[in-house]
Amino acid sequence: MLQGVSIKHLNQHLGEEVMLQGWLYNKRSSGKIQFLILRDGSGLVQGVMVKKEVDQETWAKANSLTQESSLRVWGIVREEPRAVGGYELQVTRLEIISLAAEYPITHKEHGVDFLADRRHLWIRTPRQSAILRIRSEIEHALREFFYQREFVLADAPIITPAACEGTTTLFEIDYHGNPAFLSQSGQLYSEATALALGKVYCFGPTFRAEKSKTRRHLMEFWMLEAEMAFYDLDDNMRLQEEMIMFVIDRVLHRCREDLKTLGRDTDRLASISVPFPRLSYTEAVELLRQKGVAFEWGDDFGAPEETLISENFNAPVFVHRYPTALKAFYMKPDPNQPEVVLGADLLAPEGYGEIIGGGQRIDDLTLLEQRLDEHGLPREAFEWYLDLRRYGSVPHAGFGLGIERTVAWICGLDHVREAIPFPRMLYRMYP
RNA sequence: UCCUCGAUAGCUCAACGGUAGAGCAUCCGGCUGUUAACCGGAGGGUUGCUGGUUCGAAUCCAGCUCGGGGAGCCA
């Protein structure tokens, strides 16, 4: 079977007769002419059929087409400024593959609830398809970035015997009669692979069982976590900003049409450059106070504070050296200022909040043991992790990038649920 | 877990104490350049559930169910 050409590449076939396979996105007709809007996953194109130029059977087949019916069409590619995308297909022949039943998603407005219940169909709309193509480009760019820098992709387990950080609520599963948990982070394992392989990353789903119900939260989300031996906090931040620039550059160059479909203001992305602004936690608190917010040193930033801070800059902004009490047990204290840790979060612009959390890890065995005790974590479960400090410990650092939040920011979405094909949310896991 | 908003035709909404309506979708008819096409016609309802107030409830009250937005937590 011939594969046909994809709508995206029609401009390479001007004047030729081609075959297209796809679905009917929309149809407009008058007595003697029909406009068939086709989609094939790569874009939309308008097919035109004139009654007197085709046989009766072809005309009748086109007439009977319902929204989302699958079909094959043959026709000649022409430039046509009046049509979507600037090209159209003069249809000569048409084959119905499957006539669709009455389609629930119309071209009028729908509520989020209705669409979410039909996510498996919602993703066929131009907007949702554009988002998913951009997500794909972002994931591909990330993998290529790390490949070019000779990182080893070392995947972390999803089923884990204990909480990684001991802070968040995890999904518990039954592991042949024993309790186990779905991973909330691959970081601890990445520290092990980094000490084996030097520079590593893992990329996979992570799970948080907290009853979070906001536009920035999913129960299941994808995270890219990098971990590097012999990296300090500054090396870590430099790598992150280069990674973000690489991704933005890729999306701007390769997803122009999709960004246009989304109505994204690309100037705001194109104007971003390195180095990203760096602000210590203490300076950030100072900034908030200048803006009239009553904020106590030692408190954590909520979403409103993050937005206020990021509003001050056009690029993503690093906030580093948080108070020790706010961060996970493995964060290395700053030798010059032991009450803060060598960690940094990256806040996306335009109020999209934290997209990266990371920092330098404790490399001293005694201090790490002390921190486990302070956090009330069971030493036995972490013996393997402590081994990493017993056998050739080195300074090392890493970070985790939340994919859906990054996609939401780059696409300009108002909710992360549109940034993943099938979102898992507090009160929704269908379909 | 808490705060807040909501549920009426397949969909999006209107009717706010007095006979439940529009646009779209569907079906039928018309139209040779449509752009969420347009024009004419038809079918389509236990107003989320349970109870209460009232001569009378989609409308007012209470409880329940399901969901949206947000807080906390985080990516």
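Student: Which residue just after α9 takes a positive phi?

Tutor: That's Gly292, with a phi of about 90 degrees. Keep in mind that this is a predicted model.

Student: Let's stay with α9, then. Which of its residues are buried?

Tutor: Start with the general idea. An α-helix has 3.6 residues a turn, so residues three or four places apart point the same way. Now the case here: helix α9 covers residues 281-290, and its buried residues are Tyr281, Ala284, Val285, Leu287 and Leu288. Look down the axis of α9 and these buried residues fall within an arc of 160 degrees, so they line one face of the helix.

Student: What do the buried residues of α9 pack against?

Tutor: They pack against β12 (278-280), α10 (303-310) and β13 (317-320).

Student: Can we try another helix? Which residues of α1 are buried, and which are exposed on the other side?

Tutor: In helix α1, residues 56-64, the buried ones are Thr58, Trp59 and Ala62. They fall within an arc of 100 degrees when seen down the axis of α1, so they too line one face of their helix. On the other side of α1 you'll find Gln56 and Glu57, which are exposed. The cover over the buried residues of α1 includes the strands β1 (17-29), β2 (33-39), β3 (44-50) and β5 (87-98).

Student: Now for the nonpolar cores. How many residues does the largest one have?

Tutor: The idea first: in soluble globular proteins, nonpolar side chains tend to be buried together. In this model the largest nonpolar core has 57 residues. Those with the most contacts inside it are Ile134, Phe146, Met243, Ile244, Leu401, Trp409 and Ile410. Helix α6 (residues 233-254) gives the most to this core, with 10 residues.

Student: What does Trp409 touch?

Tutor: Leaving aside residues up to four places away in sequence, its contacts include Ile244, Ile248, Leu269, Pro316 and Tyr352. Arg264 and Glu350 are also among the residues that Trp409 touches. Besides the largest core, there's a second, separate core of 20 residues, and Ile7, Val77, Leu89 and Leu94 are among its members.

Student: Which residues make a nonpolar patch on the surface?

Tutor: Ile158, Ile159 and Tyr175 make one of about 260 Å². Ile159 sits in strand β7, residues 159-160. With a relative accessibility of 41%, Ile159 counts as partly exposed, because that class lies between buried, under 20%, and exposed, over 50%.

Student: And how many salt bridges does the structure hold?

Tutor: Side chains of opposite charge can pair when their charged atoms come close. The structure holds 30 salt bridges. In one of them, Arg278 and Glu241 meet at 3.0 Å, N to O. That pair links distant parts of the chain, with Arg278 in strand β12 and Glu241 in helix α6, 37 residues apart.

Student: Is each partner buried or partly exposed?

Tutor: Arg278 is partly exposed at 30% relative accessible area, whereas Glu241 is buried at 4%. Compare Lys327 and Asp345, whose closest N and O atoms are 3.0 Å apart in a salt bridge. Here both Lys327 and Asp345 are buried. Then there's Arg379 with Asp373, a salt bridge whose closest N and O atoms are 3.2 Å apart. Arg379 is partly exposed at 28%, and Asp373 is partly exposed at 45%.

Student: Which residues are linked in a network of salt bridges?

Tutor: Find Arg39, Glu68 and Arg124: salt bridges link them in a network.

How values were computed
Residues are numbered from 1 along each chain as its sequence is written. Chains are lettered from A and ligands numbered from 1 in the order in which they are written. This is a predicted model: local features need pLDDT of at least 70, side-chain atom pairs count only at pLDDT 80 or more; totals for chains, interfaces and linings use all residues. Side-chain values use heavy atoms; hydrogens and water are left out. Buried means under 20% relative accessible area, exposed over 50%, partly exposed in between (1.4 Å probe, protein chains only). Helices (H or I, at least four residues) and strands (E, at least two) are DSSP runs, numbered from the N terminus. The arc is that of the directions from the helix axis to the C-beta atoms. Contact means heavy atoms within 4.5 Å. Patches are made of residues with over 30% relative accessible area and no salt bridge: like charges are joined within 9 Å, nonpolar side chains (Val, Leu, Ile, Met, Phe, Trp, Tyr) within 5 Å. Accessible areas come from the Shrake-Rupley method with a 1.4 Å probe; for residues, only the protein chains shown count as cover. A salt bridge is a side-chain nitrogen of Lys or Arg within 4 Å of a carboxyl oxygen of Asp or Glu. A nonpolar core is a set of buried Ala, Val, Leu, Ile, Met, Phe, Trp, Tyr and Cys residues joined through side-chain atoms within 4.5 Å.
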